[in-house]
Amino acid sequence: MSIPEQIQNEVLRPILKAQNDLFILLFRHQVSKRKVNFENYSPEDKVIYIEKTIRKDINFRSLLVGVVVGHFTPEQYEAYRPLEEELNKRIINMLIKRLCSQLELLVVNL
């Protein structure tokens with residue numbers, strides 16, 4: 001197993017799982033802030049919107065990655081730094097999959 005894979009499985013996945021409720025709230029807030037009628041989107045359009053929002057909105061993407069990195073121990077952060085670009089891609093990909101698998105929880109109740 002490569003080092004990025006090991007970090008993904010041993011560090012990133014547990015953090016994403018533990019912070020799942022926060023990621024849902026952050027996404028719902030993003031949808032609300034942008035005044036997007038997300039609940040009326042088709043499931044396919046919701047998936048497209050999730051991916052587009054996380055990949056294209058640099059501030060939102062940075063916030064999501066920051067939530068994950070903020071849970072690193074100093075040792076984990078030292079392992080993350082030289083692989084930052086690759087690990088950030090892995091974080092984003094896992095987050096997109098995680099949110100897309102929970103579409104029913106992402107509807108904003110205004």
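The dialogue below asks how some labels on this predicted model are justified.

Visitor: What should I know before reading the values?

Guide: This is a predicted model, in which local features need pLDDT of at least 70 and side-chain atom pairs count only at pLDDT 80 or more, while totals for chains, interfaces and linings use all residues. Residues are numbered from 1 along each chain as its sequence is written, and side-chain values use heavy atoms, with hydrogens and water left out.

Visitor: Why is the contact of Asp-57 and Arg-34 called a salt bridge?

Guide: The term requires a side-chain nitrogen of Lys or Arg within 4 Å of a carboxyl oxygen of Asp or Glu. For Asp-57 and Arg-34 the N to O distance is 2.8 Å, so the pair qualifies. Asp-57 lies in the loop between α3 (43-56) and α4 (58-69), and Arg-34 in the loop between α2 (20-33) and α3, so the salt bridge ties together parts that are 23 residues apart in sequence. The helices named here are DSSP runs (H or I, at least four residues; strands are E, at least two), numbered from the N terminus.

Visitor: What makes Asp-57 buried?

Guide: Buried means under 20% relative accessible area, exposed over 50%, and partly exposed in between (1.4 Å probe, protein chains only). Asp-57 has 16%, so the word is buried. Its partner Arg-34 has 46%, and is therefore partly exposed.

Visitor: How many salt bridges does the structure hold?

Guide: The structure holds 5. Among them is Glu-51 with Arg-55, at 3.0 Å from N to O. Both residues lie in helix α3, 4 residues apart, about one turn of the helix. An α-helix has 3.6 residues a turn, so residues three or four places apart point the same way. Glu-85 and Lys-89 also form a salt bridge, and their closest N and O atoms are 3.9 Å apart, so they meet the cut-off.

Visitor: Why is the pair of Phe-27 and Phe-60 called tilted?

Guide: Rings of Phe, Tyr and Trp (its six-membered ring) pair if their centres lie within 6.5 Å; planes under 30 degrees apart count as stacked, over 60 as edge-to-face and the rest as tilted. The structure has 8 aromatic pairs. In the pair of Phe-27 and Phe-60 the centres are 6.5 Å apart and the planes stand at 50 degrees, so the pair is tilted. Phe-27 in helix α2 and Phe-60 in helix α4 are 33 residues apart, and the pair links distant parts of the chain. Phe-27 is buried at 0% relative accessibility, and Phe-60 is buried at 4%. Both belong to one aromatic cluster with Phe-38, Tyr-41 and Tyr-49.

Visitor: How do you know that the buried residues of α3 line one face of the helix?

Guide: The buried residues of α3 are Lys-46, Tyr-49, Ile-50, Thr-53 and Ile-54. Seen down the axis, they fall within an arc of 115 degrees (taken from the directions from the helix axis to the C-beta atoms), so they line one face. The face turned away from the buried side carries the exposed residues Glu-44, Ile-48, Lys-52 and Lys-56.

Visitor: What covers the buried residues of α3?

Guide: The cover includes α2, α4 and α6, where contact means heavy atoms within 4.5 Å.
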